[in-house]
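Load the model in your viewer and keep the selection box handy. This tour goes stop by stop, telling you what to select and what you will find there.

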Amino acid sequence: MNQILIVTCNRDRWSFLQQCRSIGKYLSNNRVNIVVNEFDSSDWMVWFKEHCLGVLDQLDVHVYTYDNFFDVFLINPILNKSGWISQQVFKLVFALVTEHPYLVLDTKNWLVRPTDFNSYQTLARRPPPLIFLEFYQALVQQLKLKEDMLCCPEVTPYKIDPKIVIKLFEQFGGVDKFVNWFCSFETPSEFIAYDLIYQQYDKTYTTENLNWVKYRSIYNWTADDPNVDYTEIIKAIADPKIEVLTINRRFLEDQKVRAYVETLLPFNKYSYE
């Protein structure tokens with residue numbers, strides 16, 4: 001079974017709508033799992049059914065909320081944590097309800113042409129970014145790993161094998177203990193945690209034929225710049241090698257910028273309200 005996982009929230013409605021349009025146009029034969037990262041998801045559900053569900057009608061869509069997916073032992077540790085941390089937890093604990101690998105997408109990941117997610121691989125490993133160093137060192141010590149291990153970049157799309165996640169939980173003595181430990185850090189990384197365990201159980205990793213060319217991330221322009229340059233977006237969309245376009249949410253806060261970006265995106269034929 002081919003499936004993707006998206007964790008989203010009220011703040012990301014506009015980006016999520018663009019993503020739904022792109023998935024509806026360019027993806028087929030996939031199960032789409034959506035986790036709503038809101039304690040009260042009722043308003044989001046109404047909006048989703050009105051604006052998004054129709055463009056996903058050719059896909060097998062499943063929506064999960066706090067109420068019907070996560071137990072108390074998962075919710076308690078994240079009550080006072082930011083949505084940035086809770087969405088990381090959800091990307092991992094989804095492994096509890098599936099036996100099949102799943103590809104994690106952030107709402108900022110939009111398809112710009114048909115893609116085969118089965119061909120996506122782990123990107124080249126590197127030392128952990130400084131922001132995650134404390135978490136990385138604690139994880140290495142907790143699991144008694146080599147102190148010089150490289151790790152996969154914290155970049156989506158990111159493929160996760162649930163069997164590896166379960167092994168991670170087991171090494172902590174259970175999912176509840178892992179979640180409590182994970183949420184004790186200010187800057188944890190779900191993908192670093194996953195990848196360090198992955199390396200223990202999968203020895204087939206290679207740096208050959210890695211799919212860097214399928215991604216294009218736009219981080220180098222801001223909406224408050226009076227001379228916003230859309231050239232990079234236009235070039236990425238026109239490049240036949242690029243399948244996934246990523247535009248950082250911080251740079252899409254301005255409504256005028258959003259409106260113009262919508263006109264550039266090849267999958268847009270619906271109006272947004």
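A residue counts as buried when its relative accessible area is under 20%, and as exposed when that area is over 50%. Keep this in mind for α5, where 9 of the 11 residues are buried, so by that cut-off the helix is mostly covered. Please also remember that you are looking at a predicted model.

**The whole chain**

Start with a cartoon view of everything. The protein chain has 11 helices and 8 strands. Of its 273 residues, 55% count as buried. If you draw a contact map, look away from the diagonal: among contacts with a separation of 6 or more, 85% join residues 24 or more positions apart.

**Stop 1: helix α5**

Select residues 83-93, which make up α5. Which of them are buried? They are Ile85, Ser86, Gln87, Gln88, Val89, Phe90, Lys91, Leu92 and Val93. Colour these by residue type and you will see that the buried set includes Lys91.

**Stop 2: α5 against α9**

Now add α9, residues 190-201. The two helices, α5 and α9, pack with their axes 9 Å apart, at an angle of about 35 degrees. On the α5 side the contact uses Gln87, Gln88, Lys91 and Leu92, and on the α9 side Glu190, Phe191 and Tyr194. Sorted by class, this contact holds 3 nonpolar, 2 polar and 2 charged residues.

Zoom in on Glu190, which sits in helix α9. Is Glu190 buried or exposed? Its relative accessible area is 4%, so Glu190 is buried. Leaving out residues up to four places away in sequence, Glu190 touches Gln87, Gln88, Lys91, Leu92 and Phe182.

**Stop 3: the largest pocket**

Keep α5 on screen and turn on a surface. The largest pocket holds about 910 Å³ of space. To find its centre, select Trp84, Gln87, Lys91, Asp106 and Lys108, which lie nearest to it among the 37 lining residues. Which elements each supply at least two residues of this lining? They are β1 (3-8), α5 and α9. The largest share comes from α5, with 6 residues. For anyone setting up charges, the lining divides into 11 nonpolar, 15 polar and 11 charged residues.

**Stop 4: α1 and α11**

Next select residues 13-26 for α1 and 255-264 for α11. Their axes are 12 Å apart and the packing angle is about 5 degrees. Angles under 35 degrees count as roughly parallel, and α1 and α11 are therefore roughly parallel to each other. Show side chains for Trp14, Gln18 and Arg21 of α1, together with Arg258, Val261 and Glu262 of α11; these make the contact. By class, the contact of α1 with α11 has 2 nonpolar, 1 polar and 3 charged residues.

Stay with Trp14 for a moment. This α1 residue has a relative accessible area of 3%, so Trp14 is buried. Draw a distance from its C-alpha atom to that of Thr107: the two are separated by 9.1 Å, although they lie 93 residues apart along the chain.

**Stop 5: helix α6**

Select residues 133-143, helix α6. The buried residues here are Phe135, Tyr136, Ala138, Leu139, Val140 and Leu143. Bring in residues 162-171 for α7 and 175-182 for α8, along with α9, and you have the elements that the buried residues of α6 pack against.

**Stop 6: backbone exceptions**

Finish with the backbone torsions. Most residues other than glycine have a negative phi, and most peptide bonds are trans. Three places in this model are worth a click.

- Lys144 comes just after α6 and has a positive phi of about 55 degrees. Lys144 lies in the loop between α6 and β6 and, at 73% relative accessibility, is exposed.
- Pro157 is in the loop between α6 and β6 (158-160). The peptide bond leading to Pro157 from Thr156 is cis, with omega near 5 degrees.
- Asn29 is not a glycine, yet its phi is positive, at about 55 degrees. Look for Asn29 in the loop between α1 and β2 (31-36), where its relative accessible area of 67% makes it exposed.

Methods
Residues are numbered from 1 along each chain as its sequence is written. This is a predicted model: local features need pLDDT of at least 70, side-chain atom pairs count only at pLDDT 80 or more; totals for chains, interfaces and linings use all residues. Side-chain values use heavy atoms; hydrogens and water are left out. On a 1 Å grid over the protein atoms alone, a cavity is a set of points where a 1.4 Å probe fits but cannot get out, and a pocket is an open set with protein on both sides within 12 Å along at least five of seven lines; lining residues have an atom within 4 Å of a point. Grid points are joined across faces, edges and corners, and a volume is the space filled by probe spheres set on the points. Helices (H or I, at least four residues) and strands (E, at least two) are DSSP runs, numbered from the N terminus. Ala, Val, Leu, Ile, Met, Phe, Trp, Tyr, Cys and Pro count as nonpolar, Asp, Glu, Lys and Arg as charged, and the others, Gly among them, as polar. Buried means under 20% relative accessible area, exposed over 50%, partly exposed in between (1.4 Å probe, protein chains only). Contact means heavy atoms within 4.5 Å. Axes are lines fitted to C-alpha atoms, for helices over the stretch in contact, and angles run from 0 to 180 degrees between N-to-C directions. Angles under 35 degrees count as roughly parallel, over 145 as roughly antiparallel, 65 to 115 as roughly perpendicular and the rest as oblique.
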